Amino acid sequence: MDFNHFNPEECIWYQEFYFQSNKSPEKAVVTAILLLLLLFIVVQLAVKKFIFGKEKSRLSKKYIGAKINQWDKLPRFPLLKLIWLCRDQKSVLETGRRLAGENGPFLRVTVLGEEYLLLNNPDLAEKILSSRDFGHIIKPPQLYEPLFDLIGHGLLTSNGEAWHSKRKIMTKAFTYPALKRYTKIYNKCAKRTVAQLTQKFRKDDKEYHQINAIIQTGGIEIISETVLGLDVTQHKEDAKIMFTSVNRWKEITFQRFGTGWLVVPLFWRWSSLAREYYRRLGDIDNVIKRMIKRCRDELTDQPELKLGGNNANDSFDNMMQLMIKSDFSELIILDEVKTMIMAGYETVSATIHVFLFMLALHQTHQASCREEVDRIFDDPANCANEELTMEALSEMKYLERCLLESMRMFPIVFITARKLEAPLNIDDNLEIPIGTTVVVPNILLHKSPIHFPQPDEFQPDRFLPENCAKRHAYTYLPFSAGPRGCLGIKFSLLEAKTIVAHILRNFEIYTNDKIDDVPMIPSILLRPQRDFYFRLEKRNI
Ligand code: HEM
């Protein structure tokens, strides 16, 4: 074609484009925007690869001399096949179990140049989770990045020395004396939960209702008071802002991760959901700042309480006081408080919701738990005014076994992941290189028929001490394990036992759902496709 004498009307493709664009100019604009976005994403990926690539080679130099090993021979599972097999969210867990059975302990996949390795075996899980090497305890940025603008560099997302020093201090918030103080809060909130359930299930009401919202309200009340010192009855206005904002923030987060395209930062930042999300976050920050000020004022009024530094051990009522006494800056307190709320509210509420469902499905186990609970409530030495003490709660052995079994079948946090900044030595022949993201699939380990025969059956006696002693410690990981395992294990078990014991004391629990009616979906947390339905019959006590 002679471009010097180019006549657009003679050229068919040009005419088509010209007339199309004339007919609907907005289509051309949309196409241009999409092309620009595509270009932007490609550039972002290239820049990331360049930066991570440099980081990798810097780290590799640090470990010159790492042995040549079998890593290169470890086969890769085809990514497209994996995406295809996991296309249905409802059956993704079953697919995972099948793949784990077929592929042995390792499943290696490469995504956009990033290596991922599934370690589906308790020995391998122990190798990574028990390691104290700072290069083995890094949270993968590609998975945790979305959390950074929410919780900044709180305990859950920070690494290295910054993480270590904060962990040392925050561990004090979970010692026996601290938990003993929180137990009073658990009881108070459990009684409010029972009152709300009593209102919902009127006498002679034979209907089934969803109760998750009530369980979650109890969960937020507990975490607000134990972390912030925010008692709903005393700080009504702040409590209202806190509850609505935390709930909306959580809903938006689920919506974001459930709607694939909103995960892309560029789309997210321009969405109306993001605007609401940051406004809610601002509201939460303002409540926390007001609580920090109140707490500082209280401590100034009572100088004998102001201990500072390492002496902050025992004399605090809530985690905020501990942080102020440990001289955390306001910025660190904001991140840490939000971390605790995020780590500790939805996880326990969701665990209780599933546990009540398990008890409703297994009436004989429910009856045995109630018998135990009644015996403890009726013992005045253990339990005055229907207040469960730490000692009373530790006597609830049967209830605890049922809770642990429920968490085995449905671990709310279903995987643990680390990004290697130091090679991980598996044995003489295999060393996993720096840069790999290793994933421990807690949920698949819990369903292993070798360690848990008839894994789909609810059998609380698996958690009798003699049966636990026979099992590898890294077969059961609802709270993960090792130096980065959950800080709130005892907190969660005590809270869940208190709430459920109060409910069992007051109600008989029934459901008309079957276990297969409501598949569990792996989202940020493992959660049922919809809330379960329950009927609660008030007991005559
Ligand atoms: C049933 C309830 C809970 C479950 C299933 C759970 C599970 C977990 C898991 C699996 C991890 C490790 C994550 C990882 O290694 O990537 C973790 C970490 C953590 N959890 Fe929990 N958690 C629960 C409740 C709580 C509560 C109530 C709190 C505090 C009030 C809490 C605070 C934390 C913190 C601070 C971390 C980060 C620890 C660190 O990185 O050093 N969790 N949790």
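This section walks through the overall make-up of the chain, its ligand site and its nonpolar cores.

The model described here is predicted. Its protein chain contains 21 helices and 11 strands. Half of the chain is out of reach of solvent by the usual count, with 50% of the 541 residues classed as buried. Among contacts with a separation of 6 or more, 74% are between residues 24 or more positions apart.

A good place to begin a tour is the ligand. It is surrounded by 28 residues, and the closest are Trp163, Arg167, Arg418, Arg484 and Cys486. Sorted by class, this shell holds 16 nonpolar, eight polar and four charged residues. Cys486 deserves a pause: its SG atom is the single donor from the protein to the iron atom of the ligand, at 2.3 Å. Along the chain, Cys486 sits in the loop between helix 20 (465-470) and helix 21.

Oxygen atoms of the ligand also have polar partners in the protein. An N or O atom in the side chain of Arg167 is 2.7 Å from a ligand oxygen, while for Trp163 a polar side-chain atom is found 2.8 Å from an oxygen atom of the ligand. In the case of Tyr144, the distance from a polar side-chain atom to a ligand oxygen is 3.0 Å. Several elements contribute two or more residues to the shell, namely helix 7 (160-170), helix 14 (330-344), helix 15 (346-361), strand 4 (416-419) and helix 21 (489-506).

Helix 15 also carries Ser349. With a relative accessible area of 1%, Ser349 falls under the 20% limit and is therefore buried. Setting aside neighbours within four places in sequence, the contacts of Ser349 are with Ile215, Gln216 and Gly219.

Attention now turns to the nonpolar interior. In soluble globular proteins, nonpolar side chains tend to be buried together. The largest nonpolar core here comprises 129 residues, of which Met170 and Met319 touch the most other members. Helix 12 (residues 272-301) is the top contributor to this core, supplying 11 residues. Beyond its neighbours within four places in sequence, Met319 is in contact with Met170, Ala173, Phe174, Tyr182, Thr226, Val227, Met340 and Phe491. The two methionines that touch the most other core members are thus also in contact with each other. Another core lies apart from the largest one; it has 19 residues, including Trp71, Leu74, Leu129 and Ala481.

Conventions: Residues are numbered from 1 along each chain as its sequence is written. This is a predicted model: local features need pLDDT of at least 70, side-chain atom pairs count only at pLDDT 80 or more; totals for chains, interfaces and linings use all residues. Side-chain values use heavy atoms; hydrogens and water are left out. A residue is near a molecule or strand if one of its heavy atoms lies within 4 Å of it. A polar contact is a pair of N or O atoms within 3.5 Å; within protein, one must be able to donate a hydrogen and the other to accept it, and residues adjacent in sequence count only if both atoms are side-chain atoms. Helices (H or I, at least four residues) and strands (E, at least two) are DSSP runs, numbered from the N terminus. Ala, Val, Leu, Ile, Met, Phe, Trp, Tyr, Cys and Pro count as nonpolar, Asp, Glu, Lys and Arg as charged, and the others, Gly among them, as polar. Donors are N, O and S atoms within 2.8 Å of the metal (3.2 Å for Na, K and Ca); water is not among the atoms, so sites may look incomplete. A nonpolar core is a set of buried Ala, Val, Leu, Ile, Met, Phe, Trp, Tyr and Cys residues joined through side-chain atoms within 4.5 Å. Buried means under 20% relative accessible area, exposed over 50%, partly exposed in between (1.4 Å probe, protein chains only). Contact means heavy atoms within 4.5 Å.
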